[in-house]
Amino acid sequence: MSQQLLTVDGLQYSNWSREIFQQMREGGVDAVHATLVYHETTRETLSRLGEWNRRFEQHADLIMPVREPADILRAQAAGKVGIFLGAQNCSPIEDDIDMVAVMRRLGLLIMQLTYNNQSLLACGCYESEDSGITRFGRQVIREMNRVGMVIDMSHSAERSTLEAIEYSERPVIISHANPSFFHPAKRNKSNRVLAAIAESGGLLGFSAYPFHLKDGPDCTLEAYCEMIARTVDLMGIEHVGLGTDLCQDQPVTVLEWMRNGRWSKEMDYGEGSAGNAGWPRPLPWLRDSRDFPLLIEGLRRHGFAEAEVERIMGRNWVALLERAATPAG
């Protein structure tokens with residue numbers, strides 16, 4: 001029965017391979033928001049898009065591109081995994097607003113305005129002072145709204161996130177984070193932000209990255225489902241989904257690229273520390289995409305109705321993309 005649900009994971013960044021795509025199918029995953037870039041320039045982003053085009057060609061029996069929300073349902077009907085692409089920073093557009101439309105036409109459905117640090121558009125959650133949305137940022141938000149590129153504030157600071165919601169005429173998302181009330185990580189979000197996301201018609205994708213969880217890798221499935229239930233009480237069932245932040249088979253060098261990019265000579269440990277510098281130990285109930293049925297059963301055991309489970313597992317993501325990723329005429 002679990003396999004018949006529409007299942008959408010709102011964030012993964014794995015060392016993509018045929019084995020990982022097969023694991024997604026085994027776990028009943030119908031679509032995944034795959035991170036395309038972190039700190040890459042426009043030219044480097046084009047190469048990452050080219051790599052995905054090759055994957056779609058080489059693994060056409062397992063995966064297909066999602067360029068519009070209906071493609072997720074087409075992927076499910078075809079027994080394939082739909083892949084929709086997102087950027088975890090605004091580096092793909094550099095300082096050129098015309099690149100927003102170019103990247104959207106090439107298949108970039110989602111873009112974060114910041115990744116931990118101050119960017120040309122907004123402020124990240126690791127800066128000591130949150131300067132809010134910049135002049136350029138306001139213009140980019142307007143352009144993202146126009147072309148149907150979803151605004152993602154997962155790694156952004158509080159004022160910047162609230163201002164993005166205020167300036168955007170379309171729903172704003174947090175694709176992968178958790179409520180601060182569950183665990184006070186810098187990346188997790190306050191009740192004020194979560195309420196504003198819901199009011200905008202947006203969505204929170206619950207992270208399963210251990211650094212975002214109470215008790216880290218020892219967080220239980222029961223505690224995770226209780227977090228979801230409390231957040232539903234705050235935001236409403238239609239504004240929550242999954243964004244597991246699964247990073248399968250990635251070497252530590254990729255983690256260092258995510259944290260350091262080209263901006264730092266000193267090692268930045270992000271959510272880790274010098275004594276805990278590597279990838280965190282995986283959750284026993286979500287080791288890889290094959291474990292999604294465990295999460296479905298956990299939600300059912302916690303008391304969610306079947307219609308609520310369907311929304312959390314994927315229907316809300318499709319509805320969000322329909323609201324925010326369709327070009328405005």
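This is a short talk on the nonpolar cores, the cavities, the salt bridges and two buried residues of one predicted model.

Let me begin with the nonpolar interior. In general, nonpolar side chains in soluble globular proteins tend to be buried together. Here the largest nonpolar core holds 78 residues, and the members that touch the most others within that core are W52, I83, M111, L113, Y224, I228 and M313. The element that gives the most to this core is helix 8, spanning residues 221-235, which supplies eight residues. If we take I228 from that list and set aside its neighbours within four places in sequence, we find I228 in contact with F206, L299, F304 and I312. Apart from this core there is another one, made up of 17 residues, and F84, I110, V150 and L321 are among them.

Staying with helix 8 for a moment, I would like to point you to M227, which is found in that helix. M227 has a relative accessible area of 1%, and because buried means under 20%, it counts as buried. Leaving out residues up to four places away in sequence, M227 touches N178, P179, F181, F182 and F206. With N178, the residue numbers are 49 apart along the chain, while the C-alpha atoms of M227 and N178 are separated by 8.5 Å. You may remember F206 from a moment ago, since F206 is also among the contacts of I228.

The second residue I have picked out is N145, whose place is in helix 5, residues 135-147. N145 counts as buried, at 8% relative accessibility. Once residues up to four places away in sequence are left out, the residues that N145 touches are I151, S168, E169, R170 and A328.

Now to the empty space. Rolling a probe the size of a water molecule over the atoms shows where such space is left. For this model, a search of the whole structure finds two cavities of 30 Å³ or more. The largest cavity has a volume of about 170 Å³. Its lining consists of 16 residues, and those closest to the centre of the cavity are Y115, H155, Y209, M258 and E271. How do the residues of this lining divide into nonpolar, polar and charged? There are six nonpolar, six polar and four charged residues in the lining of the largest cavity. Helix 9, residues 252-260, gives the most to this lining, with three residues.

The second largest cavity contains about 60 Å³ of space. It is lined by L49, N53, F56, P65, V66, R67, I83, L85, L106 and G107. Two elements, helix 2 (42-58) and strand 4 (81-87), give two or more residues to this lining, and helix 2 has the largest share, with three residues. By class, the lining of the second largest cavity has seven nonpolar, two polar and one charged residues. One of the lining residues, I83, is also listed among the residues of the largest nonpolar core that touch the most other members.

Let me turn, finally, to charge pairs. Side chains of opposite charge can pair when their charged atoms come close. In this model, a search of the whole structure finds 14 salt bridges. In one of these, the side chains of E44 and R262 meet at 3.0 Å, N to O. Because E44 lies in helix 2 and R262 in the loop between helix 9 and helix 10 (292-302), the pair ties together parts that are 218 residues apart in sequence. Of the two partners, E44 is partly exposed, with a relative accessible area of 26%, whereas R262 is exposed, at 52%.

Another salt bridge joins the side chains of E163 and R159, at 2.8 Å, N to O. Both residues belong to helix 6, residues 158-167, and they are four residues apart, so about one helical turn separates them. E163 is buried, with a relative accessible area of 13%, while R159, at 43%, counts as partly exposed.

A further pair is D288 and R290, whose side chains meet in a salt bridge of 2.7 Å, N to O. In this pair D288 counts as buried, at 9% relative accessibility, and R290 is partly exposed, with a relative accessible area of 39%. Elsewhere, E68, D71 and R74 are joined into one network by salt bridges that share partners.

Terms used. Residues numbered from 1 in each chain as written. Predicted model: local features only at pLDDT ≥ 70, side-chain atom pairs only at ≥ 80, totals over all residues. Heavy atoms only, no water. Core = buried A, V, L, I, M, F, W, Y, C linked by side-chain atoms within 4.5 Å. Buried < 20%, exposed > 50% of the residue type's maximum accessible area, 1.4 Å probe, protein only. Contact = heavy atoms within 4.5 Å. 1 Å grid on protein atoms, 1.4 Å probe; cavity = no way out; pocket = protein on both sides within 12 Å on 5 of 7 lines; lining within 4 Å. Points joined across faces, edges and corners; volume = space filled by probe spheres on them. Nonpolar A, V, L, I, M, F, W, Y, C, P; charged D, E, K, R; others polar. Salt bridge = Lys/Arg side-chain N within 4 Å of Asp/Glu carboxyl O.
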